Amino acid sequence: MTDAHIDDEALGWAIRMAEPDADWDAFLAWLEADTTRSGRYDRAVAMLNDAAVAAAAAGAGAAMATAPVEFVARPARRPWIGGAIAATLAGAIGLGVWTQAPQPYAIATAAGEQRTVLLDDGSSIVLAGASTVRLDRRNARVATVERGEMLFRVRHDAARPFAVQVGALRLVDLGTVFDVKAAGTRIHVAVAEGAVLVDPDGAALRLDPGQAIFADGATRVRRTVATADVGSWREGRLAYDDAPLSEVAADLSRETGRRVVAAPGLTARTFRGTLDVETVRTRPALLGTLLDVTVRQDAEGWTLEPRG
């Protein structure tokens with residue numbers, strides 16, 4: 001597949017992901033198939049947005065509908081695809097999905113990738129692999145964790161608190177560095193610096209450095225964690241305290257870029273300890289020893305199975 005073909009596909013996804021019934025599963029599958037696609041998609045959407053703003057400035061804004069468009073992180077401009085952008089924009093205006101006003105956007109990473117997002121308010125978010133965060137260009141003080149894991153470094157502003165939504169749980173910063181992980185129905189929030197207020201309109205549970213909460217539906221468990229372990233995945237270190245192997249497998253998939261699953265008989269077994277991602281990536285047999293499982297390898301990835 002040529003670079004031009006991939007760029008054309010990226011433009012197509014940029015249009016389709018603006019629709020309210022966008023197929024996120026298909027989009028993420030396309031994104032994860034090639035590590036270069038994330039950047040190409042970002043460039044395509046950024047150019048579409050630039051073209052929309054230029055059209056509005058030229059007097060075309062009145063022809064645009066007010067339905068919001070969601071787009072991905074904005075990288076450097078690449079003028080050479082301007083013609084394709086203009087053609088795509090014309091079609092998009094006809095479909096009524098573009099607006100001259102700033103709009104919400106989503107940032108997604110492929111498995112095995114990490115990405116740092118710098119927000120306009122001075123805060124930042126580091127995304128682990130296979131993670132998605134939804135932001136709003138109109139308001140840099142809100143974020144929604146759609147899936148995966150990410151570390152927030154929030155610039156505190158008492159007049160404009162930073163709010164994070166993850167599942168049914170709402171978090172508000174109190175001057176904070178904290179990690180959020182959404183693993184299926186399980187949500188994990190851990191604080192390294194400052195404090196986080198969990199469920200401010202309900203339980204109003206305050207988490208200080210070295211404190212964490214594990215939530216699964218209506219169940220919430222408060223625990224103590226080492227502050228050095230908060231966000232340690234950024235350095236390739238995964239720390240666990242009685243985490244189910246299904247969650248460990250999902251984390252390894254995110255960090256290694258390989259498909260790792262736990263066999264049905266192991267999903268509820270728990271693990272306590274630390275895994276070095278690069279070591280287990282190159283020595284899967286050692287992973288089996290650490291988890292007390294057999295690691296079966298095939299073309300699709302790894303399966304954690306009970307020892308025979």
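Two residues are said to touch, or to be in contact, when heavy atoms of one lie within 4.5 Å of heavy atoms of the other. With that meaning in hand, Arg 40 offers a starting point in this predicted model. Arg 40 belongs to helix H3, which covers residues 37-60. If residues up to four places away in sequence are set aside, Arg 40 touches Asp 3, Ile 6, Asp 7 and Ala 10. Its relative accessibility is 12%, and because buried means under 20%, Arg 40 counts as buried.

The wider setting may now be described. The protein contains 7 helices and 18 strands. It has 308 residues, of which 48% count as buried. Among contacts between residues at least 6 apart in sequence, 51% join residues at least 24 apart.

Helix H2, formed by residues 24-32, has Phe 27, Leu 28, Trp 30 and Leu 31 as its buried residues. Viewed down the axis of H2, these residues fall within an arc of 160 degrees, so they line one face of the helix. In general, an α-helix has 3.6 residues a turn, so residues three or four places apart point the same way.

The next residue to consider is Thr 109, located in the loop between strand E1 (104-108) and strand E2 (115-118). Thr 109 counts as buried because its relative accessibility is 0%. Its side chain reaches the backbone oxygen of Ala 128 at 2.6 Å. Apart from neighbours within four places in sequence, the residues in contact with Thr 109 are Glu 32, Arg 115, Leu 127, Ala 128, Gly 129, Ala 130, Ser 131 and Arg 147.

Attention now turns to the nonpolar cores. The largest of them has 30 residues, and those with the most contacts inside it are Leu 245, Val 248, Leu 252, Leu 275, Leu 287, Leu 291 and Leu 304. Helix H5, which spans residues 245-256, gives the most to this core, with 4 residues. A second, separate core comprises 29 residues, among them Ile 125, Leu 127, Leu 171 and Val 191. Returning to Leu 291, its contacts beyond four places in sequence are Leu 245, Val 248, Arg 269, Phe 271 and Leu 304.

Helix H5 also has a place beside a sheet: it lies across E15 and E18, running at about 175 degrees to E15. The sheet in question is open, has 3 strands in the order E15-E18-E17, and shows mixed pairing. Strand E15 (260-262) and strand E17 (294-298) stand at the edges with a single partner strand each, so one side of each is left without a neighbour in the sheet. From one strand to the next, the twist averages 25 degrees. E15 and strand E18 (residues 301-305) run parallel and are joined by 3 bridges. Val 260 stands opposite Trp 302 in E18.

Two residues with an unusual backbone setting remain to be noted. Ala 204 is not a glycine, yet it has a positive phi of about 50 degrees. Ala 204 sits in the loop between strand E10 (196-198) and strand E11 (205-207), and it counts as partly exposed because its relative accessibility is 36%. Asp 242 is likewise not a glycine, and its phi is positive at about 60 degrees. Asp 242 is found in strand E14, residues 237-244, and its relative accessibility of 32% makes it count as partly exposed.

Notes:
Residues are numbered from 1 along each chain as its sequence is written. This is a predicted model: local features need pLDDT of at least 70, side-chain atom pairs count only at pLDDT 80 or more; totals for chains, interfaces and linings use all residues. Side-chain values use heavy atoms; hydrogens and water are left out. A nonpolar core is a set of buried Ala, Val, Leu, Ile, Met, Phe, Trp, Tyr and Cys residues joined through side-chain atoms within 4.5 Å. Buried means under 20% relative accessible area, exposed over 50%, partly exposed in between (1.4 Å probe, protein chains only). Helices (H or I, at least four residues) and strands (E, at least two) are DSSP runs, numbered from the N terminus. The arc is that of the directions from the helix axis to the C-beta atoms. A polar contact is a pair of N or O atoms within 3.5 Å; within protein, one must be able to donate a hydrogen and the other to accept it, and residues adjacent in sequence count only if both atoms are side-chain atoms. Two strands pair if DSSP finds at least two bridges between them. Axes are lines fitted to C-alpha atoms, for helices over the stretch in contact, and angles run from 0 to 180 degrees between N-to-C directions.
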